[in-house]
Amino acid sequence: IVNVINIHMKCCDSGLERRKRASKMLHEYVHENKKESDVSWVVLGDWNDDLKDEVGEHCFQPFLDNQDLLFVTESIVDDYNQASYPKEPYHSFLDHILISNNLIKDIEYEILTVPIDKMMGGYDVYEYYISDHLPVLLLLPGGLD
């Protein structure tokens, strides 16, 4: 069983404290509902936080402390060209994919931000018609078990 949750965390103003509380509740929900070994999780979407932020300055800690879960996006957050929010001056990676380790154990996967803005004639066109965030893609060969 694979459960997928798509999130959009609060931005701006009191957003950090709200995101921290929401992450804590979400982690408790995932943890409580993962008691059976055949249950796996994918939590993805706009976390409105950057994994590069210092401890205490982001909402990820409950998940980072859980060895059963992995932010697969962590491997590309330092790549300026992979920013999912490429708008200056806030150029950052805010859209993450968290996945149960058992789903990717012993397999190669690829994670990248899809440069669909370039296919549409630029970020301004993409932002006007679709979103201010670029999509993040996780490629799993053969799909999920």
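Visitor: Is Asn48 buried or exposed, and what is its relative accessible area?
Guide: Asn48 is buried, where buried means under 20% relative accessible area, exposed over 50% and partly exposed in between (1.4 Å probe, protein chains only). Bear in mind that this is a predicted model, in which local features need pLDDT of at least 70, side-chain atom pairs count only at pLDDT 80 or more, and totals for chains, interfaces and linings use all residues. Residues are numbered from 1 along each chain as its sequence is written, and side-chain values use heavy atoms, with hydrogens and water left out. For Asn48 the relative accessible area is 11%.

Visitor: What is the phi of Asn48, which is not a glycine?
Guide: Asn48 is found in the loop between β2 and α2; helices (H or I, at least four residues) and strands (E, at least two) are DSSP runs, numbered from the N terminus. Although Asn48 is not a glycine, its phi is positive, at about 50°.

Visitor: Which other loop residue has a positive phi although it is not a glycine?
Guide: Look in the loop between α3 and β5. The residue there counts as exposed, at 74% relative accessibility. With a phi of about 65°, this residue is Asp106.

Visitor: Which peptide bond is cis, with omega near 5°?
Guide: For this one, turn to the loop between β3 and β4, which holds Pro89. The cis bond is the one from Glu88 to Pro89.

Visitor: Which residues does Gln82 contact beyond four places in sequence?
Guide: Gln82 sits in the loop between β3 and β4. At 15% relative accessibility, Gln82 counts as buried. Taking contact as heavy atoms within 4.5 Å, and leaving aside neighbours within four places in sequence, its partners are Ile76, Phe93, Leu112 and Thr113.

Visitor: In what order do the strands of the four-stranded open sheet stand?
Guide: Two strands pair if DSSP finds at least two bridges between them, and the pairing in this sheet is mixed. β1 and β3 each have a single partner strand, so one side of each is left without a neighbour in the sheet. The order is β1-β2-β4-β3.

Visitor: Which residue of β4 stands opposite Gly45?
Guide: β2 and β4 run antiparallel and are joined by five bridges. Opposite Gly45 in β4 stands His96.

Visitor: Around how wide an arc do the buried residues of α1 lie?
Guide: The buried residues of α1 are Gly15, Arg19, Ser23, Leu26, His27 and Val30. They sit on the same side of α1 because their arc around the axis, taken from the directions from the helix axis to the C-beta atoms, is only 105°. The face turned away from this buried side carries the exposed residues Arg21 and Met25. So the arc to remember is 105°.

Visitor: Which elements do the buried residues of α1 pack against?
Guide: α1 lies across β1, β2 and β3, running at about 160° to β2. Such axes are lines fitted to C-alpha atoms, for helices over the stretch in contact, with angles from 0 to 180 degrees between N-to-C directions. The buried residues of α1 pack against β1, β2, α2 and β3.

Visitor: Which three residues touch the most other members of the largest nonpolar core?
Guide: A nonpolar core is a set of buried Ala, Val, Leu, Ile, Met, Phe, Trp, Tyr and Cys residues joined through side-chain atoms within 4.5 Å. The largest one here has 29 residues. Those touching the most other members are Leu26, Val43 and Trp47.

Visitor: How buried is Phe63, as a relative accessible area?
Guide: Phe63 lies in helix α2, residues 61-64. Beyond four places in sequence, its contacts include Leu26, Trp47, Leu69, Phe71 and Leu98. Phe63 is buried, with a relative accessible area of 1%.

Visitor: Which side chains of β6 point to the buried face?
Guide: In a regular strand the side chains alternate between the two faces of the sheet. β6 pairs with β5 (residues 110-113) in the antiparallel sense over four bridges, and Ile111 stands opposite Leu138. Along β6, Leu137 and Leu139 point to one face and are not buried, while the buried ones pointing to the other are Val136 and Leu138.
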